[in-house]
Amino acid sequence: SSVFANVEEGAKIEVFALTASYNNDPFKDKVNLSVGAYRTADGKPWVLPVVKTTEMKVAADPTLNHEYIPVTGIEAFTKASTVLLLGEDSKAIKENRAVGVQALSGTGALKIGAEFLARKLGRSVVYFSDPTWENHFKVFRGSGFTTIKEYRYWDPVTRAINFDGWMEDLNNAPEDSVIVLHACAHNPTGCDPSEDQWKQIADVMEKKKLFPFFDSAYQGFASGDPIRDAFAVRYFESRGFEFLCAQSYAKNFGLYSERIGNLVVVQKESSTSAAVASQLTLIVRATYSTPPAYGARIVSTVLNTPELREDWMNCIRTMSGRIHQMRQALFKELTDLKTPGTWNHIVDQIGMFSYTGLNEQQVKLLIEEYHIYLLSSGRINMCGLNENNVAYVAQAIHKAVT
Ligand code: PLP
């Protein structure tokens, strides 16, 4: 018999399974609210116009070739990306205490960072928000973390952050635990701490000697302003924390498939930078040897060219603006229908996702009866909504909860 005979079939990845069911569904008015990508008002993927322009510029550049790029990536990219995160006036950058390493999108940055923490700093305990992006568990477990815990985050009753519970859990976390923090636009809840709450989080983490690992998958996409969305990360830098941050350009550049991201390591002393960079180099080398060039060329060209950067800012305002409009539209429909329950959270939440508060039974009904596809947690992607389907979705939610 085959050597593979005893391989068990692994669990399905919900988000991809739902999209497959959606694609196979012949129902005319079906709606996909499960995907983790931006959609236009016509329900189509969007190539940002600035990305299109830059692609043509890059393709026409006779000096470029397909040689390997350095293991740590294209420097013009990692530098610009680190500045986008920490700001033009970052002391860590000026003092050479911030190392940036190109990564395979946000997931790759988390992976390289988690391996570095586990293998080089001996960290084994990680805390995620409850709930979090489901892949965090797989990435950290696969990188050598053995104790995976959650801190309280979402309160289903208030449909907001359980801040006291969160602080209590951080207070009880063992010293040196790695705490994964969503920098902005928390996935899946769409609820972010206020600036004052970030200060309290920093206080507890400082006191309890907890290590922050920021996951920044939506910079600029949340509020439409990349500076505002970087508040938490920049605040931790200003407080003198050492931390890691995984950056993704999947959402804010629409470069999902190009796998472009950056891992930033902020340190107290510049004297550790060279050793840290060398260890990250070895991890990348052992994992996929060198990163791809395409996305790095696009992002660095945009970030380093003032006119293109301005165009990009307009694109992220367009995306976050449309999401904001859809929040208002869904809220209005549900309020007009007098759907039982409170729906303010739909407009109060930020980013692409909304945690509707719908339970598994209600979700099942939406999928089976109404052909509206969403995660069993009740998470919906606001960009799956548009002027043509928002009333239909609201009516279906109304029926599901009454
Ligand atoms: N982290 C969070 C919270 C996310 O939501 C995502 C994407 O959905 C990622 C990281 C990583 O995405 P990617 O690897 O495509 O950049």
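Tutor: Two strands pair if DSSP finds at least two bridges between them; helices (H or I, at least four residues) and strands (E, at least two) are DSSP runs, numbered from the N terminus. The model is predicted: local features need pLDDT of at least 70, side-chain atom pairs count only at pLDDT 80 or more, and totals for chains, interfaces and linings use all residues. Residues are numbered from 1 along each chain as its sequence is written.

Student: In what order do the seven strands of the open sheet run?

Tutor: The pairing in this sheet is mixed. Its edges are strand 2 (98–104) and strand 4 (147–152), each pairing on one side only. Between those edges lie the other strands, giving the order 2-10-9-8-7-3-4.

Student: Which residue of strand 7 is the bridge partner of Y127?

Tutor: Strand 3 (residues 125–130) pairs with strand 7 in the parallel sense, over two bridges. On the strand 8 side, P212 stands opposite a residue of strand 7 that also partners Y127. That residue is I179.

Student: Over how many bridges do strand 7 and strand 8 pair?

Tutor: Strand 7 covers residues 178–182 and strand 8 covers residues 211–216. Among the contacts, H182 has D215 in strand 8 as its bridge partner. The two strands run in the parallel sense, and the number of bridges is five.

Student: Is strand 7 largely enclosed or open, and how many of its five residues are buried?

Tutor: A residue is buried if 20 or more other C-beta atoms lie within 10 Å of its own, exposed if 12 or fewer, and partly exposed in between, with C-beta atoms placed from the backbone. V178, V180 and H182 are buried on one side of the strand, and I179 and L181 on the other. Strand 7 is therefore largely enclosed by the rest of the structure, and the number of buried residues is five.

Student: How far apart are the end C-alpha atoms of helix 5?

Tutor: Helix 5 (residues 105–120) has 16 residues, of which 13 are buried. The expected span is 1.5 Å times one less than the number of residues. That should give 22 Å, and the distance between the end C-alpha atoms agrees because it is 22 Å.

Student: Which element gives the largest share of the shell around the ligand?

Tutor: The shell holds 13 residues, each with its C-beta atom within 6 Å of the ligand. The closest are S105, G106, T107, N187 and S248. Three residues of the shell make up the largest share, and they come from helix 5.
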